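Me: Please take a close look at a single part of this structure, one strand and its partners, and describe how that part is paired and connected.

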Amino acid sequence: MVSNEPQEQPRSAGRAASAAVTADRPRANDYDSFAEAYTSENETNLVNAHYERPAMLALAGEVAGRRVLDAGCGAGALLAALRDRGAVVSGFDASTGMLDLAGRRLGEGADLVVADLGGPLPYPDDAFDDVVSSLVLHYLEDWGPALAELRRVLKPGGRLIVSVDHPFAVHLMHREAGREDAYPYFDTTNWSAEWTMGGRSALMSLWHRPLHAMTEAFTGAGFRIEVIAEPEPGPAARELFPEAVAAKPRFLCFLFFVLRAP
């Protein structure tokens with residue numbers, strides 16, 4: 001994710017915490033180590049609770065009666081909102097700590113499993129009307145296997161709704177820090193950051209790719225691109241974060257796609 005201030009360092013996948021870029025490559029993206037602290041900030045902050053999730057829900061539209069898979073569901077905030085709108089929901093995540101929190105939120109019997117995006121998924125072909133993937137793909141170097149699996153589990157004509165770090169916002173962060181030679185916009189590059197929230201720190205490994213590389217990955221996997229969106233914050237943001245929204249009513253943060261399976 002990228003902060004609502006483009007000159008600040010990006011923070012990925014709903015991360016509202018401070019993020020310091022580091023030259024050391026982290027060993028892992030260990031959400032288990034700070035699941036509760038991350039979730040607490042994610043529930044109420046500007047960029048996740050009042051920007052990213054409202055945008056994903058708006059793009060999903062009417063979901064009542066539709067089977068929806070959340071690919072990388074985290075603590076289940078988006079999954080719960082979709083269920084509240086009448087969707088029949090399933091979710092997976094690589095973090096058992098985050099899934100424990102999702103289970104508490106969604107209750108006994110929730111369809112939640114541990115799985116890695118990019119590996120084989122435990123669902124049959126054509127199982128879902130929609131898949132949502134919120135701030136997850138930018139953890140992967142190669143989107144091909146993940147997109148192939150998500151296409152497999154979608155019904156023909158189903159939708160994949162995706163949010164990722166906005167590539168130009170990440171580029172601006174590197175450029176303003178004097179790192180543009182190490183991280184050219186048009187290259188796919190790995191960078192790492194240290195996030196701190198709730199007194200806990202974790203190292204994160206993220207992948208920047210330019211817009212054309214994203215669209216080529218989607219079309220190469222057989223999807224048709226229906227929407228590319230750079231939305232405004234949700235309506236409640238102006239009341240809850242008046243100074244931030246008054247100073248910057250629109251900002252580069254995430255990029256959103258609606259893709260249609262063949």
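**Strand 3 and its surroundings**

Reply: In this predicted model, Ser90 has Asp111 of strand 4 as its bridge partner, and this pair belongs to the contact in which strand 3 (residues 88-93) and strand 4 (residues 111-114) run parallel, joined by four bridges. The connection between these two strands passes through helix 4 (residues 96-106), and strand 3, helix 4 and strand 4 together make a right-handed β-α-β unit.

Strand 3 is also paired with strand 2 (residues 67-71), again in the parallel sense, over five bridges; within this pairing, Ala71 stands opposite Phe92 of strand 3. Here the linking helix is helix 3 (residues 77-84), which with strand 2 and strand 3 makes a β-α-β unit that is right-handed. Strand 3 therefore takes part in two parallel pairings, one with strand 2 and one with strand 4, and five of its six residues are buried, so that the strand is mostly covered.For comparison within the same model, strand 6 (residues 154-165) has nine of its twelve residues buried, so it is largely enclosed by the rest of the structure. Strand 6 runs parallel to strand 5 (residues 128-134), to which six bridges join it, with Ser133 and Val162 as one of the partner pairs, and the chain crosses from strand 5 through helix 5 (residues 144-153) to strand 6 in a right-handed β-α-β crossover. Strand 6 also pairs with strand 10 (residues 254-260), in this case in the antiparallel sense and over seven bridges, where Leu160 has Leu259 as its bridge partner.

How values were computed. Residues are numbered from 1 along each chain as its sequence is written. This is a predicted model: local features need pLDDT of at least 70, side-chain atom pairs count only at pLDDT 80 or more; totals for chains, interfaces and linings use all residues. Side-chain values use heavy atoms; hydrogens and water are left out. Buried means under 20% relative accessible area, exposed over 50%, partly exposed in between (1.4 Å probe, protein chains only). Two strands pair if DSSP finds at least two bridges between them. A crossover is right-handed if, with the strands pointing away from the viewer, the path from the first strand over the helix to the second runs clockwise.
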